[in-house]
Amino acid sequence: MEVERVSRAQRWTAAAFFCFSFVISGFLAQAQSDYQPSPDNLKARQWFQDAKFGLFIHWGVYSVLGDGEWVFHNRKLTLDEYNQLPKFFDPEKFDAKTWVALAKAAGMKYITITSRHHDGFAMFDSKVSDWNIVKRTPYGKDPLKMLADEAHRQGIKLFFYYSQLDWHNPDYYPRGATSWDNGRPNHGDWNAYLDDYMDGQLRELLTNYGPIAGIWFDGMWDKPDADWHLAKTYALIHQLQPAALIIPNHHQTPKPGEDVQTFERDLPGQNTAGFNTKVVSQLPLEECNTLNDSWGFTIADNHYKSPEEVEQMLVRAAGNNANLLLNIGPMPNGEIQEEFVTRLHAVGEWLSRYGESIYGTRGGPIAPADWGVTTQKTDKIYVHVLHWNAKLLALPAISSTIHSAKLLSDGSNVDFSQREDGVVLTLPDAKPAEADRVVVLMR
Ligand code: JFZ
């Protein structure tokens, strides 16, 4: 009897294992063209849309030169020249706790950090290649591990930016639009680059750092016509961490397997930057933008946005049903410059008062316009008045009946009249340096 039960259990295990491996291999082999997001993934998308605000961090050995993350390319350096940079990268002031606490103080719910940028330099402990922070720098430690541990501890989610474009690895061949003669040979193994090197590193990132909220890809635009083996890479990610969101900065219509559509320095559908798509998909949306004009640490960039400008940027993103991923470029010593810190604290203070009209909302029922935007949550419509000097603001018609209108800041009543062709609000005067007058409409 005992024996019988064991063997039956074993048969079941074997059968289950057979089915499991069949499903997994089938899943991996098959294109993600009939991609059905997993329940965990769908839940993560909801979380993402509710989160609204994230911290983008561009940090790498390029930070040493204080001239942005494109310095390798912009100065047309050779491999031999650039290879010296890691020797000077020693961020003795880096403190994961401080970074995570800063993001939290700013009211941000996630961090997206460069695990490697176009220079291909891994800012983490990678066994796939020694072109990484542990092997090549005097620092010798893995800051992403410390950041991941700290993010988990403080309850903030972590995404990894990963550049598919590579200016360093010879197997990134044939090279792309941004290539220059930096001393790489004129041959290389593209398939090895994708399947061994890139997928190998992604496997490390999704295995060794606990739950990762997603991968933020960048650089496909360097070789728009190449076969990037996307189905394979995306399947690998979803297999290793089903909830992880794939966010590609390829500036194209989303492809199967992708979970969030991102827009660089632009609101969804507005292509002022010149390289974004005007197609806005049904996926969760994100806008990334900079706090000054740069991504990576740039010593000569003093063009900081004011706290009010940043608050308005966040509000406009939310009103367009999108998140804002706001960037800082920390210094090579691991510190974050004061100009970033004060602005992030100011936005966090603003969010502590107005967060209700941002977090957990979706784009409102009224189309975004020059005067401002709307967000909505259950029975509330938040009218964000960003750019309007007149006393009366006439909004387009709203299908539901409005029962009351109040200022979010102090709960005072706002006079309004609803007619078939619109809603007219009598606005209070704007206070000096007030980024946003928020009127809450109850429907
Ligand atoms: C890309 C990166 O090149 C940049 O360094 C930064 O990481 C940013 C978030 O993403 O920026 C781009 C990408 C593509 C174009 C321009 C900037 N493009 O196609 O013109």
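**Exercise 1.** Determine whether Glu-150 is buried or exposed in this predicted model, and describe its surroundings.

*Solution.* Glu-150 has a relative accessibility of 6%. The cut-off for a buried residue is under 20%, so Glu-150 counts as buried. Next, locate the residue: Glu-150 belongs to helix α7, which spans residues 143–154. Then examine its side chain, which forms a polar contact of 2.6 Å with the side chain of Arg-153. Finally, leave out residues up to four places away in sequence; Glu-150 then touches Ala-96, Lys-97 and Val-100.

**Exercise 2.** State where Gln-164 is found, whether it is buried or exposed, and which residues it contacts.

*Solution.* Begin with the secondary structure: Gln-164 sits in the loop between β3 (157–163) and α8 (190–205). Its relative accessible area is 1%, and Gln-164 is therefore buried. Now list the contacts, setting aside neighbours within four places in sequence. Among them are the aromatic side-chain residues Tyr-172, Tyr-193, Phe-217 and Trp-228. The contacts also include Arg-116, Met-198, Asp-218, Gly-219, Met-220 and Leu-230. As a last step, relate Gln-164 to Asn-323: the two are 159 residues apart in sequence, and their C-alpha atoms are 23 Å apart in space.

**Exercise 3.** Identify which residues have the most contacts inside the largest nonpolar core, and follow the contacts of Tyr-82.

*Solution.* The general expectation is that nonpolar side chains in soluble globular proteins tend to be buried together. In this model, the largest nonpolar core has 89 residues. Those with the most contacts inside this core are Tyr-82, Ile-111, Ile-113, Leu-158, Phe-160 and Leu-344. Taking Tyr-82 and excluding residues up to four places away in sequence, one finds that it touches Val-61, Tyr-62, Val-71, Phe-72, Leu-77, Asp-119 and Trp-131. Another core, of 17 residues, lies apart from the largest one; Leu-395, Ile-402, Val-439 and Leu-441 are among its members.

**Exercise 4.** Describe the shell around the ligand: how many residues surround the ligand, and which are closest?

*Solution.* The ligand is surrounded by 14 residues, the closest being His-58, Glu-69, His-117, His-118 and Glu-264. Sorted by class, the shell comprises six nonpolar, five polar and three charged residues. Consider next the distances from polar side-chain atoms to an oxygen atom of the ligand. For Glu-264 the distance is 2.7 Å, for Trp-70 it is 2.9 Å, and for Tyr-161 it is 3.4 Å. To complete the description, consider coverage: on its own the ligand has 440 Å² of accessible area, of which the protein covers 84%.

Notes: Residues are numbered from 1 along each chain as its sequence is written. This is a predicted model: local features need pLDDT of at least 70, side-chain atom pairs count only at pLDDT 80 or more; totals for chains, interfaces and linings use all residues. Side-chain values use heavy atoms; hydrogens and water are left out. A nonpolar core is a set of buried Ala, Val, Leu, Ile, Met, Phe, Trp, Tyr and Cys residues joined through side-chain atoms within 4.5 Å. Buried means under 20% relative accessible area, exposed over 50%, partly exposed in between (1.4 Å probe, protein chains only). Contact means heavy atoms within 4.5 Å. A residue is near a molecule or strand if one of its heavy atoms lies within 4 Å of it. A polar contact is a pair of N or O atoms within 3.5 Å; within protein, one must be able to donate a hydrogen and the other to accept it, and residues adjacent in sequence count only if both atoms are side-chain atoms. Accessible areas come from the Shrake-Rupley method with a 1.4 Å probe; for residues, only the protein chains shown count as cover. Ala, Val, Leu, Ile, Met, Phe, Trp, Tyr, Cys and Pro count as nonpolar, Asp, Glu, Lys and Arg as charged, and the others, Gly among them, as polar. Helices (H or I, at least four residues) and strands (E, at least two) are DSSP runs, numbered from the N terminus.
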